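Biologist: Could you walk me through this model, one question at a time?

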Amino acid sequence: MEENINYIQVTNLDYEYPDGTQALKGINLEIGKGEFIALIGQNGSGKTTLSKCLNGLYKPTRGDIIVDGLNSKKSSIVQMVRRVGYVFQNPDHQLFNSNCWDEIAYGPHNIELTEPEVVERVEEALKVVGLPKIYHKEHPFFLSKGLRQRVAIASILALRPQVIIVDEPTTGQDMKQSLEIMDFLKALNEELGHTIIIITHDMPIVAKYAKRVIAMGQARVVADGATREVFAQSEVLKETFLAPPQITQLAQSVADLGFDPGTLTVEEIINQFNSLTN
Amino acid sequence: MSEVIKITDYSWKYINTKTPAVESINLTVEEGAFIGIIGPNGSGKTTLAYSMDGLIPGQYNGIKKGTVEVFGKEVEEYDRGELQKLVGVVFSDPEAQFTAMTVEDELVFGMENIGLSVPEIQERLDWVTELTDLKNLLEKPPYEISGGQKQRVALAAVLAMMPKILILDEPTSMLDPISRMRIFDVLAKLKKEKNSTIIVIEHSLENLIPLADRMVMMSDGELVLEDETQAFFQKTGFLFEKGAFPPGLIQFFYELNQRNLYNGDYPLTVAEASLKLNEMIKKGK
């Protein structure tokens, strides 16, 4: 995979809503190709606003966002969404066509591709998300939430963005469904090289899938680093009203016995237990 | 303690489906109990919840067998609206219950509907606003606030009605971990101070476990396990088999048990687990 740490470069970004609310303050970030990032933080901390800045929907009030060499302030929304796709928290807020095929074709049509190109992209996206053929002409609202989410992701994939931001991919899903969605995002990341950014409150999911964590609190980035390192900073997390997963909390509470305070999964803590008792 | 809900040999099949959504359910809920219901999506949890406040069979077409009694009376025998004063439901999709143009009107709407006096409405409004931390949102339209805030409004609107039985269908799915903890703190307070009977459907078990007296597992429309919380999670192997995912702590001790490294009770909190690990490691050395 091509190493390109500066695929997205965010410099001194501020964003203010028209009513004066400061949603983002002094954000500096670099995001590369092929990263798997979890964006975490309290409700209202600026996660969704940041995402909408990254895909060009919102333009910075101050500071700059450069994506693939393009400054979001000087680029059209079409140029931006071809690079950074955003999948809404609630797929129902995004889906509006009367069948799945048209829903996925809407984006490619909108960026003025030719008809054969549109068909190619829709078919490719449907194949990647694995939506069974019987659903292709079905109204999205007759599908389960998990399938609707796949349609929502497919409609973004059809634009072939490098970066895919998925807002709360596991909300309302049970654990089995959550793991399916996450394994699918993992495959997009590992096999197709997409940069994946998930916005989530589910810390065990973060621990299992994300390589990097960006924690936000009160419109700022308060921690940014490898998942293990960020979860080890429980004091910083507490300030931003976050807590690491139970397993990490447990490992931290017995760190004096030799457990690693950055432990992320059940598998890891078992291995440590084995080496500490043998 | 008296029984507030008694479900006997109860099955419900929606008119447009082939198989029953819930089948042969037997469940008794005591006054003041805090019950957690878990199970995969599609296992019948929400159908069961709707059956306890009369939404089923009242608002849905289907075939019912058996009985669902609330305060000793079958749900069908209540006059329209009477049962809903006793049983409040917070839906998993908060938008499904919003009707008003501001958060304040949303909270007041239900109270006006049951004919409370103006001073009483004001008093309850102040109480729920404080309890669910909504002071800054009262003037806003419910559709303009975030998903997490909507969930708090939905909960507050139901709390304001002070139902004796409170049913919450995934009340915290859109909330961050701390807001989630706050909602569970509110529930703990209600249980303690008002002796409310509380039934919570939840995928996220970490906050539920310390509060729940009893747990119920649904799978494919059947109630497959019901027990006191501590005893319930000792059957972790069975829970896995039925598609439940116990929290990380329990999974860890279950894995140790599977490898013959541990044979005690599974701990339910980080503090308990920490104590046990201390003992085990020190003994091992």
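**Where the chains meet**

Modeller: Happily! To begin, 33 residues of chain B are in contact with 31 residues of chain A, contact meaning that C-beta atoms, placed from the backbone, lie within 7 Å. This is a predicted model, in which local features need pLDDT of at least 70, side-chain atom pairs count only at pLDDT 80 or more, and totals for chains, interfaces and linings use all residues. Residues are numbered from 1 along each chain as its sequence is written, with chains lettered from A and ligands numbered from 1 in the order in which they are written.

Biologist: Which element gives the largest share of the side of chain B that touches chain A?

Modeller: Helices (H or I, at least four residues) and strands (E, at least two) are DSSP runs, numbered from the N terminus. On that side of chain B, the elements giving two or more residues are α6 (147–159), α7 (177–194), α11 (248–258) and α12 (270–284). The largest share, seven residues, comes from α12(B).

**The sheet of chain A**

Biologist: Which strands stand at the edges of the sheet in chain A?

Modeller: Four strands form an open, antiparallel sheet in the order β2-β1-β4-β5 of chain A; strands pair if DSSP finds at least two bridges between them. Two of the strands have a single partner each, so one side of each is left without a neighbour in the sheet. These edge strands of chain A are β2 (22–31) and β5 (70–71).

Biologist: Which residue of β4(A) stands opposite A:Val10?

Modeller: Strand β1 (residues 8–16) and strand β4 (residues 62–67) of chain A pair in the antiparallel sense over five bridges. Opposite A:Val10, in β4(A), stands A:Ile65.

Biologist: At about what angle to β2(A) does helix α1 of chain A run?

Modeller: Helix α1 (residues 47–54) of chain A lies across β1, β2 and β4 of chain A. Axes are lines fitted to C-alpha atoms, for helices over the stretch in contact, and angles run from 0 to 180 degrees between N-to-C directions. For α1(A) and β2(A), the angle is about 60°.

**A helix in chain A**

Biologist: Which helices do the buried residues of α3(A) pack against?

Modeller: A residue is buried if 20 or more other C-beta atoms lie within 10 Å of its own, exposed if 12 or fewer, and partly exposed in between. In helix α3 (residues 100–110) of chain A, the buried residues include A:Trp101 and A:Ile104. The buried residues of α3(A) pack against α4 (115–129) and α5 (145–157) of chain A.

Methods: Two residues are in contact if their C-beta atoms, placed from the backbone, lie within 7 Å.
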